[in-house]
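Work through the exercises below with the sequence and the model open. Try each task before reading its solution.

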Amino acid sequence: MFKAYGLYSHIRANRMRSTFLLAGFVVLLLALMFSFALIFEALNAGDAPFEVIVARATKDLEYGWPIGVAAAGAWFPIAYFFHQRMIDFATGAHDVTRAETPRLYNLLENLCISRGIPIPALQIVESDALNAYASGLEEGKYRIAVTRGLLVELTDPEIEAVLAHELTHIRNRDVQMMVIAVIFAGIFAFVADLTFRNWNFPFGFMPTRSSDREDNRRDGGAMIAIVLALLIILLSWGASVLIRFALSRSREFLADAGSVELTKNPDAMISALRKIQAHSVIPDMPSRMHAFFIESPARVEESSWLATHPSVDERIKALIVYAGGQDVEIAPAPAQIEEAAPEAIEPQSEEGSFLPKDGRNPLDPPMPGPWG
């Protein structure tokens with residue numbers, strides 16, 4: 001597990017996936033253009049058969065592909081320069097200063113300074129949920145965002161473990177891959193959502209059918225062309241969704257391992273995951289942002305093959321097996337400790353409240369321990 005952390009092969013694989021996504025963006029864009037050309041020609045086909053509609057749409061693509069390539073060329077710099085604003089707008093994160101969150105800054109700086117890691121900027125998501133994510137494309141512009149609830153409910157070691165988890169995503173280039181998948185290639189999911197949710201699929205936009213057989217034959221080609229166009233849009237949407245879900249669930253195991261490697265405290269990572277598991281839901285969070293977070297903020301639990309994250313139980317099991325952590329879900333309360341050893345506790349007087357609870361004087365020599 002620890003050997004996997006920081007592997008150049010994992011970073012190299014992420015870079016290859018990012019390159020593949022950028023190249024696939026252009027291919028899917030041309031497929032999307034062809035599907036729109038099919039819909040346009042089908043709605044204006046008259047009595048033209050299916051073969052003619054396809055030929056017209058192909059001709060439209062031949063003339064229009066430079067526009068698509070130019071649009072992709074324009075989208076890349078827009079996405080590059082404004083991706084962080086898009087992410088901040090989607091998640092509601094905002095920058096915070098050291099004066100506002102000195103505790104958070106100190107924990108992050110201690111981690112970064114101890115390993116010589118550049119310190120990312122910090123952000124807060126104003127939500128009572130417990131969650132966090134990292135974002136950014138290049139050195140000096142990375143950000144780590146945590147929810148207000150996480151800052152309130154977690155202890156310092158647990159927050160440190162979460163920050164180390166997100167730092168590992170940055171070090172492993174996971175954040176670059178996810179930004180490209182969501183911002184650069186995510187436009188296809190947006191188009192598909194717009195198509196299937198607002199067009200009253202599958203009957204609302206269809207040409208009106210007449211009752212006679214001749215009109216049915218006439219509309220058959222247009223209907224087939226529209227169905228084919230919708231199938232292309234659906235496939236491009238499905239590809240973007242599967243990429244977003246599967247790229248890759250293993251990254252969370254690696255980030256958990258990296259957190260333990262940085263903090264030397266597997267128990268803090270485990271207890272943080274348990275608390276986050278119970279309060280991770282952010283109801284208004286867009287689905288495309290779920291993969292960014294340390295645990296999915298989805299309201300409904302995701303099925304295994306459509307899940308953006310492995311289950312918390314699987315992650316904790318890995319931490320127990322490979323990092324020697326302990327899964328203690330509920331810590332003993334102070335009252336339980338007092339009941340367990342009542343003879344060692346004496347009531348404190350107001351005058352001696354500063355003395356140890358066993359009544360010893362601070363100047364007394366230390367008592368021998370179990371090893372002498």
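**Exercise 1.** Leaving aside its neighbours within four places in sequence, with which residues is Thr-147 in contact?

Solution. The model is predicted, so local features need pLDDT of at least 70, side-chain atom pairs count only at pLDDT 80 or more, and totals for chains, interfaces and linings use all residues. Residues are numbered from 1 along each chain as its sequence is written, and side-chain values use heavy atoms, with hydrogens and water left out.

Step 1. Apply the cut-off: contact means heavy atoms within 4.5 Å.
Step 2. List the partners of Thr-147 outside those neighbours: Val-125, Ser-127, Ala-129, Leu-130, Asn-131 and Ile-282.
Step 3. Look at Ala-129: its backbone oxygen is reached by the side chain of Thr-147 at 2.5 Å.

**Exercise 2.** Is Thr-147 buried or exposed?

Solution.
Step 1. Recall the classes: buried is under 20% relative accessible area, exposed is over 50%, and partly exposed is in between (1.4 Å probe, protein chains only).
Step 2. Thr-147 has 0% relative accessibility, so Thr-147 counts as buried.
Step 3. Place Thr-147 in the chain: strand E4 (residues 143–147) contains this residue. Strands (E, at least two residues) and helices (H or I, at least four) are DSSP runs, numbered from the N terminus.

**Exercise 3.** Where does Ile-78 lie, and why does Ile-78 count as partly exposed?

Solution.
Step 1. Ile-78 is part of helix H2 (residues 50–91).
Step 2. Ile-78 counts as partly exposed because its relative accessibility is 38%.

Key
A polar contact is a pair of N or O atoms within 3.5 Å; within protein, one must be able to donate a hydrogen and the other to accept it, and residues adjacent in sequence count only if both atoms are side-chain atoms.
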